Amino acid sequence: MLRAILLACALACVGSPAFALGLYVRGVPGPLLAKVQELKAACGAKVVSANRPGARTPSGHVSNHAIGRAVDLSGNPDCMYARLRNWPGGVSTDYWTAPGGPHIHLSYNPGGMEWGLRFAHRGGSYSARKKRRWRR
């Protein structure tokens, strides 16, 4: 009940469900918000990074973080990966060795460079080696 009241207040004040969920991001797609909320509730996930205006990938492309299409989460990796098995967007697979500390990079950008990919963070480009798709 208290959560519903706080969410309603946050929505009334800022008009953004992303802000109300603690992401402080404009334009985050609904499916990504819903998945983040699910992972927070079921796995105790914590958002460690979301919108980063101007962010770039190691290869120089505009990052999904820069356009509000990606979120980094820390928490129970086994629980999170189990719930991301059929996620249509991008998911990093190197939780423990990810740059910046343990996290899963989760993106939702239909047709974008990470769409449907399971990849490791390290490296300068999305090579064929990294474009390993999970079975659906």
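Select Glu38 to begin, in what is a predicted model: this residue is partly exposed, with a relative accessible area of 29%. Its place is in helix α3, and with Arg83 of helix α4 (residues 77–83) it makes a pair that links distant parts of the chain, 45 residues apart. Now add Arg83 to the selection and look between the two side chains, where a salt bridge joins Glu38 to Arg83 with the closest N and O atoms 3.2 Å apart. Arg83 is itself partly exposed, at 36% relative accessibility.

Keep Glu38 in view and select Lys35 next, since the side chains of Lys35 and Glu38 also meet in a salt bridge, at 3.1 Å from N to O. These two residues lie 3 positions apart in helix α3 (residues 30–43), so about one helical turn separates them. Lys35 has 12% relative accessibility and therefore counts as buried, whereas Glu38 is partly exposed. With Lys35, Glu38 and Arg83 shown together, you are looking at a network of salt bridges that links the three residues.

Move on to Arg52 and Asp72, whose side chains meet in a salt bridge with an N to O distance of 3.8 Å. This pair, too, links distant parts of the chain, as Arg52 sits in the loop between β1 (46–49) and β2 (70–74) while Asp72 belongs to strand β2, 20 residues apart. Select each partner in turn: Arg52 is partly exposed, with a relative accessible area of 35%, while Asp72, at 7% relative accessibility, counts as buried.

With that stop the tour of salt bridges ends, the structure holding 3 of them.

Technical notes. Residues are numbered from 1 along each chain as its sequence is written. This is a predicted model: local features need pLDDT of at least 70, side-chain atom pairs count only at pLDDT 80 or more; totals for chains, interfaces and linings use all residues. Side-chain values use heavy atoms; hydrogens and water are left out. A salt bridge is a side-chain nitrogen of Lys or Arg within 4 Å of a carboxyl oxygen of Asp or Glu. Helices (H or I, at least four residues) and strands (E, at least two) are DSSP runs, numbered from the N terminus. Buried means under 20% relative accessible area, exposed over 50%, partly exposed in between (1.4 Å probe, protein chains only).
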